[in-house]
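Got your viewer open? Let's take a short walk through this one, picking out one selection at a time.

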Amino acid sequence: MILSFVGVCMLQSYYLETLLDLREDNFNSGVKRSLFLAARQLEDRGEIGALHDLITGELLRNGINTPFYFTIVDHNGDQLLTSLDDNDFMLEGDDYYTQPLFENDSHESPFSLRVYFPEKRRVVWKMVSSMAVTTMVTTLLLLCTYITTIVLMVRQRKLAQSKTDFMNNMTHELKTPISTISLASQMLEDGAVSKTPEMLKSVSRVIRDETKRLSFQVEKVLQISLLENEKAALKFKDVDIHELIKGVVDSFNIKVKSKGGRIETDLQAGEPLATVDELHFTNIIFNLMDNAVKYSKEEIPPVLKIKTWNEGGNLLISVADNGIGIKKEHLKHIFDKFHRVPTGNVHNVKGFGLGLAYVKQMVVKHNGHIRVESEWGKGTEFIIDIPTLKKQAYE
Ligand code: ADP
């Protein structure tokens, strides 16, 4: 692509140059013809005073209408007559036309006429300028098309890669609980394994936990279809967000405590009521807390801080953790669909890269905003901002 573009540019500049040369040749031959004819007429008439008009007339006949200076010099190059008041004609360089005057039979002439066109460059350029502008505009358009195509291609490739990663992750995530459950059922079937009440209890606990995990994964996959379906209807109702948060915190307490950590809540908002879809808003808080636990440091117990407050009629909810944090270069992409921060060897958490894309889309559907602040190695804070019930009532 780049090669062909460079080729097109080179071809165009070559054409322009050729065109410029052609125009210049055209101008030169027109001038030479005019000067030759004007010289002949001067010789016939012998009126040196009419020289200016003679040259102008001949030039016009050849389609050249641009100011000129002329001078007559003898064979030593001494100036005899000039159309200029001062002598700077000689200083204007040597880009002038020479026409011998009063040639004798042996083609020797005592005098010559020199004519200089101060605006020659401009005139020649004017002829090709429209062509040059068109060429430049088409080249620019071509360049834009190339760039857009390349950007689209790269984006498409990234998306295709993310989708493949997603499929691999999903298969892994769904297969693990399925194989654990099937192993447990094999144990129950196996006559050689003694069925003590403890053993039955532990096997049924494994089955319950894994089923829960499986249904959680399926729920996550279902969120994709919600993401795809822009018009998914939300069932809005007035909800006390503090109650909703407390519910999610309860279900996370065991998980966090099992890792030796804790959840600190600081629900300060005096106006915690908002119109939300209860299920989806619960999912939002759930996903943020789930990530906070998932991306905690292995050696440090997770500490989650959930805070709410009111600001300008809005309800703000902050979910902060002391986890691994997110590097700056990844921050702006974490809300993209299928985007996962390359984890390297730091930890090995499987996910689909959909959680935050879902969170963001849902927050926007609640007329809210979400932003993230994070420091690599220190922790991450997500802040959601939605209108309260009171603010909505005013509007
Ligand atoms: P995933 O299924 O990978 O968790 P998400 O959309 O929920 O997908 O998150 C996208 C990425 O953002 C994750 O892969 C993770 O690297 C990063 N991330 C999200 N939340 C946190 C957090 N609390 N701390 C550190 N990294 C996070």
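**Stop one: the ligand**

Select the ligand and show what lies around it: 19 residues surround it, with N291, Y295, D321, R340 and L356 as the closest. Keep in mind as you go that this is a predicted model.

Now turn on the side chain of K294. One of its N or O atoms sits 3.0 Å from an oxygen atom of the ligand. Next, show the backbone at G355 and L356. At G355, a backbone N or O atom lies 3.3 Å from a ligand oxygen, and at L356 a polar backbone atom is 2.8 Å from an oxygen atom of the ligand. How much of the ligand does the protein bury? Taken alone, the ligand exposes 530 Å², and the protein buries 99% of that.

Color the helices and strands to see where this shell comes from. Select α6 (278-294), α8 (355-365) and β11 (379-387), each of which supplies at least two residues of the shell. Which element gives the largest share? That is α6, with 3 residues. If you color the shell by residue kind instead, you get 9 nonpolar, 7 polar and 3 charged residues.

**Stop two: a nonpolar patch**

Switch to a surface view and select M1, I2, V6, M10, I150 and V154. Together they form a nonpolar patch on the surface, with about 580 Å² of accessible area. Both α1 (2-45) and α3 (120-189) supply at least two residues of the patch, and α1 gives the most, with 3 residues.

Pick out two members for a closer look. V154 belongs to helix α3 and counts as partly exposed because its relative accessibility is 48%. M1 is in the segment before α1, and at 47% relative accessibility M1 is partly exposed too. While M1 is selected, add Y146: the two are 145 residues apart in sequence, yet their C-alpha atoms are 7.6 Å apart in space.

**Stop three: salt bridges**

There are 13 salt bridges in the whole structure, so let's visit a few of them.

Begin with R61 and E58, whose side chains meet in a salt bridge at 3.1 Å, N to O. Both are in helix α2 (residues 51-61), and because they are 3 residues apart there, about one helical turn separates them. Is each end buried or exposed? R61 counts as exposed, at 65% relative accessibility, whereas E58 counts as buried, at 3%.

Move on to K255 and D290, a salt bridge whose closest N and O atoms are 3.4 Å apart. This pair links distant parts of the chain: K255 is in helix α5 (residues 241-258) and D290 in helix α6, 35 residues apart. K255 is partly exposed, with a relative accessible area of 40%, while D290 counts as buried at 4% relative accessibility. You may recognize α6 from the first stop, where it supplied 3 residues of the ligand's shell.

Then select K378 and E375. Their salt bridge has its closest N and O atoms 3.4 Å apart. K378 counts as exposed, at 55% relative accessibility, and E375 counts as partly exposed, at 45%.

For the last selection, take E24, K120 and R121 together: these residues are linked in a network of salt bridges.

Key
Residues numbered from 1 in each chain as written. Predicted model: local features only at pLDDT ≥ 70, side-chain atom pairs only at ≥ 80, totals over all residues. Heavy atoms only, no water. Near = heavy atom within 4 Å. Polar contact = N/O pair within 3.5 Å; in protein donor to acceptor, adjacent residues only side chain to side chain. Areas by Shrake-Rupley, 256 points an atom, 1.4 Å probe, with all protein chains shown as cover. Helix = DSSP H or I, 4+ residues; strand = E, 2+ residues; numbered from the N terminus. Nonpolar A, V, L, I, M, F, W, Y, C, P; charged D, E, K, R; others polar. Patch = residues over 30% accessible without salt bridge, like charges linked within 9 Å, V, L, I, M, F, W, Y side chains within 5 Å. Salt bridge = Lys/Arg side-chain N within 4 Å of Asp/Glu carboxyl O. Buried < 20%, exposed > 50% of the residue type's maximum accessible area, 1.4 Å probe, protein only.
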